[in-house]
Amino acid sequence: MSNDLALLGGSPAIVTDPGDLFAWPIVTQEDEDAILDVLRRGAMSGLDVTKEWEREFAAWNGVEYGLGCCNGTAGLLAAMWACEVGAGTEIICPSMTYWASAVPALQLGATVNFADINPDTLCLDPADLEHRIGPRTKAIVVVHYTGYPCEMDEIMAIARKHGVRVIEDASHAHGGLYKGQMVGTLGDITAMSMMAGKGFAVGEAGMILTNDRTLYERCVAFGHYERTGTVGRWFGVDQQITDPELTPYSGVPLGGAKHRLNQWCAAMGRVQLKYYPQRMAEIQAAMNRFWDLLEGVPGIHAHRPPADSGSTMGGWYSARGLYRAEELGGLPCARYCEAVRAEGFPGCGPGANGALHLHAYFHTADIFRMGQPTSIAFGQRDVRQGPGSLPVSESINEIALSIPWFKHDRPDVIAEYALAFRKAAEHADELGEEVE
Ligand SMILES: *Cc1c(COP(=O)(O)O)cnc(C)c1O
């Protein structure tokens, strides 16, 4: 194997066909049989499988209530409403996340005060949180970004001091640990996606978790009319609402939304959960192996909690590495990624999500046709933030890059991928001249 960069004419570091190294989710006959059973019974819109699934998933997390939803976005919307996010109020959310962590707030007539992220965790920076809390702040949405558990001790202490709810968006971190405790069990309520590309993947699906009966009932009332005492062909009679603020509306969802989960997804979830701990352990072994091989290489650093912290990355969703150009003579991240791609990993690119606070949606979109941007149309405080306001989030294309998300721990192949990243870093000086 030549030691020269493949980009400059050498031979690539990655020579082995990845095969199923990245394939996800892992689907077996057991998943197929479970889904076919629902199909053959015509039970797609029922609740029998979904309720078993909710009970099992909540128990695995160690939480009292689980509520399946048609997707994670719906779960976040219901969770925000349950936390009293409404007209004129605010949520705080990191700018670096998928849009669904923030957008539902505007649907409820609230606005989003975006906070910056910590450049090493890529999660909400607790140092940029407290000064954003005001009398209108109803909830802090935290995102365990690409699996990295947020600094929950600091965040919860600030939230409790001000009486603000914490919603965990655990869409990237199913089964992850924060100081030995499951993420998704640390705030007031959790919503998560389980769509086909996520770390726990069962289709278009989501889940809400909480220990708070009031919040659970509100989420039911918001989007699950069939659990409010309604009688139906698909679900019989189900009465999960006792709160007198909610019971008068039984039979019609308060959110005007239908969040019921397709039972194909619930059936697959039950099967996936049986194997998830073992599959997650293998992903963790593979990903940690990759980063251990790159220990000490300049410019590229692991995005994972310290080994002795009791925290883990769960299933390492959409894995990222931390890039530090200053250790490589200022080599732009995009150019470094180009060199890694040439070594045989086409998935390497700079950045992560786009910084949400700069998106026009939060500045100008008039989704209710009120003649005003929705972010201020309901009497909200104007907290819109322009370029330069959240510098770490805005620098994401320089400080983070995509790395392989291995699903199997295969040392020889993983070593090839690690070599690709090492070569590009160790030859950084040869890459500089090519920049235009
Ligand atoms: C995927 C995702 C969601 C939305 O979930 P869907 O199931 O796609 O609606 C919410 N938050 C984060 C952080 C996500 O990555």
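Me: Before I look inside this thing, what is a cavity here?
Reply: A cavity is a set of grid points where a 1.4 Å probe fits but cannot get out. Keep in mind that this is a predicted model.

Me: OK, so how many cavities of 30 Å³ or more does the structure hold?
Reply: Two of them. The largest has a volume of about 60 Å³, and the second largest has about 40 Å³.

Me: Which residues line the largest cavity?
Reply: Look for T111, V112, F114, H357, F362, H363, S375, V383, R384 and Q385. Strand 3, residues 111–115, gives the most to this lining, with three residues. Sorted by class, the lining has four nonpolar, five polar and one charged residues.

Me: And what lines the second largest cavity?
Reply: That lining is made up of A221, T228, L246, Y249, S250, V252 and L254. By class they divide into five nonpolar, two polar and no charged.

Me: Let's try single residues. Is Q263 buried or exposed?
Reply: The general idea is a cut-off: buried means under 20% relative accessible area. Q263 has a relative accessible area of 0%, so it counts as buried. You'll find Q263 in helix 7, which covers residues 263–293.

Me: What does Q263 touch?
Reply: Setting aside residues up to four places away in sequence, Q263 touches V38, A43, M44, G46, L47, D48, V49 and T50.

Me: Where is the place of F345?
Reply: F345 sits in the loop between helix 8 (333–342) and helix 9 (374–377). Its relative accessibility is 8%, so F345 is buried too.

Me: How far apart are F345 and Y417 in space?
Reply: Sequence distance and spatial distance are two separate readings. From C-alpha to C-alpha, F345 and Y417 are 7.4 Å apart, while in sequence they are 72 residues apart. Y417 is also one of the contacts of F345, along with I14, V340, S402, I403, P404 and F421, leaving aside neighbours within four places in sequence.

Me: Last one: what is the order of the strands in the open sheet of three?
Reply: Read it as 12-13-14, with antiparallel pairing. Strand 12 (300–302) and strand 14 (400–402) are at the edges with a single partner strand each, so one side of each has no neighbour in the sheet. From one strand to the next, the twist averages 40°.

Me: How many bridges join strand 13 to strand 14?
Reply: Three, linking residues 320–323 of strand 13 to strand 14 in an antiparallel run. To see a facing pair, find G321, which stands opposite L401 in strand 14.

Technical notes. Residues numbered from 1 in each chain as written. Predicted model: local features only at pLDDT ≥ 70, side-chain atom pairs only at ≥ 80, totals over all residues. Heavy atoms only, no water. Pairing = 2+ DSSP bridges. Helix = DSSP H or I, 4+ residues; strand = E, 2+ residues; numbered from the N terminus. Axes fitted to C-alpha atoms, helices over the stretch in contact; angles between N-to-C directions. Buried < 20%, exposed > 50% of the residue type's maximum accessible area, 1.4 Å probe, protein only. Contact = heavy atoms within 4.5 Å. 1 Å grid on protein atoms, 1.4 Å probe; cavity = no way out; pocket = protein on both sides within 12 Å on 5 of 7 lines; lining within 4 Å. Points joined across faces, edges and corners; volume = space filled by probe spheres on them. Nonpolar A, V, L, I, M, F, W, Y, C, P; charged D, E, K, R; others polar.
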